[in-house]
Structure formats: C-alpha cells, structure tokens
Amino acid sequence: MSCCNGKIKQELGIIPKVRKLKNIAEGFAKLAVSRTGMDFKYAKERLSICENCENITWLKDAEFAAWLAENKLSVLKNMESLEKLSDLPIKPRRALTRRYCVKCKCNIMAKIHSKEERCPEERW
Ligand code: SF4
C-alpha cells in the first residue's frame with residue numbers, strides 16, 4: 001500500500017490529458033488569430049502536407065459528433081493518444097464540412113496551429 005493511496009500516480013496520469021487540452025485550446029486560439037491576418041508560416045507548411053495526405057477527411061459536425069458519441073469513453077481514456085482508436089470515416093470535401101485527420105482525430109486547422117502537436121504519421 002502506498003502512503004497516498006495512489007493519488008499521486010492518478011494525478012500524474014492526468015498531465016498528458018491536460019497537455020493535450022492545452023494544445024487543442026492553443027490551436028483554436030491561433031486559428032482564430034490567423035483569420036485576422038496574422039501569418040503562422042509553420043501552419044501553412046503543415047497544411048500543405050495534410051492537404052496532400054490520404055488521411056484527411058471532411059466531416060460535417062453531426063458526422064464527427066456521431067463518431068464521438070460511439071467512442072466517448074475511449075476518447076476520455078485516450079485523450080492524449082487518440083490515434084489508438086478506430087479511424088474516422090473517410091469522406092470527400094462537401095459543403096459545411098471541416099477537415100479532420102483520420103488517424104489522430106484532430107481538427108486539422110486547429111492542429112496545424114498548435115506548436116506542440118505532431119503528425120501521428122511523422123510527416124511534420
Ligand atoms: S496530421 Fe499527418 S496523418 Fe494526419 S492528415 Fe496531416 S499529414 Fe496526414
């Protein structure tokens with residue numbers, strides 16, 4: 001038995017999840033800033049790689065929400081490593097869709113703006 005009943009170990013396990021949430025928040029904040037005209041060169045370079053990748057998918061909010069609903073418990077448990085979960089469905093570009101990575105399940109426009117984020121296939 002440990003002196004803290006495993007509380008420290010449990011709290012240390014939360015750190016990667018907090019880091020992932022920070023990256024997501026940073027990505028969306030920088031995406032919002034880039035829409036005002038500020039240039040993030042690394043984001044443009046990453047986007048051109050993602051745009052030519054077979055792992056890009058275009059999902060409507062309802063389609064992404066359906067995948068989240070199916071996988072909600074797994075998503076919470078694996079927040080920092082969503083690439084372990086089943087791939088997102090591959091859909092073509094259509095009206096009212098957003099770009100996602102089939103592998104890491106991230107919103108690509110937010111992901112490319114977060115400095116700490118990495119391509120799960122090590123392409124950037
Ligand atoms: S993050 Fe990597 S794997 Fe995902 S779409 Fe972009 S280049 Fe492809």
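Let's start at L96, which sits in the loop between α3 and β2 (98–101). Keep in mind that this is a predicted model. L96 has a phi near 60°, a positive value in a residue other than glycine. That is worth a pause, because most residues other than glycine have a negative phi. Is L96 buried or exposed? L96 is exposed, since it has 9 other C-beta atoms within 10 Å.

There is another positive phi to show you, at K105, with a value near 70°. You'll find K105 in the loop between β2 and α4 (108–111). The surroundings of K105 are crowded enough that it counts as buried, with 22 C-beta neighbours inside 10 Å; the cut-off for buried is 20 or more.

Let me step back to the whole chain for a moment. The protein chain has 4 helices and 2 strands, and along the sequence they run α-α-β-α-β-α. Of its 124 residues, 15% count as buried. Looking at contacts between residues at least 6 apart in sequence, 64% join residues at least 24 apart.

Now for two of the helices. In α2, the buried residues are A43, R46 and C50. Viewed down the axis of α2, its buried residues fall within an arc of 65°, so they line one face of the helix. Turn to the other side of α2 and you meet exposed residues: K41, K44, E45, S48 and E51.

Helix α3 covers residues 61–77, and it bends by about 80° at N71. How many of the 17 residues of α3 are buried? The number is 0, so α3 lies largely in the open.

That brings me to the ligand, which I know some of you have been waiting for. Which residues surround the ligand? Going along the sequence, they are I49, C50, C53, N55, I56, C101, K103, C104, C119, P120, E121 and R123. By class, this shell has 8 nonpolar, 1 polar and 3 charged residues. C50 we have already met, as one of the buried residues of α2.

Let me finish with C53, another member of that shell. C53 belongs to the loop between α2 (41–51) and β1 (56–59). With 16 other C-beta atoms within 10 Å, C53 is partly exposed. And here is a pair to look up on your screen: C53 and R123 are 70 residues apart in sequence, while their C-alpha atoms are 9.2 Å apart in space. R123 is also among the residues around the ligand. Thanks, everyone!

Key: Residues are numbered from 1 along each chain as its sequence is written. This is a predicted model: local features need pLDDT of at least 70, side-chain atom pairs count only at pLDDT 80 or more; totals for chains, interfaces and linings use all residues. A residue is buried if 20 or more other C-beta atoms lie within 10 Å of its own, exposed if 12 or fewer, and partly exposed in between; C-beta atoms are placed from the backbone. A residue is near a molecule or strand if its C-beta atom, placed from the backbone, lies within 6 Å of it. Ala, Val, Leu, Ile, Met, Phe, Trp, Tyr, Cys and Pro count as nonpolar, Asp, Glu, Lys and Arg as charged, and the others, Gly among them, as polar. The bend at a residue is the angle between axes fitted to the seven residues ending there and the seven starting there. Two residues are in contact if their C-beta atoms, placed from the backbone, lie within 7 Å. The arc is that of the directions from the helix axis to the C-beta atoms.
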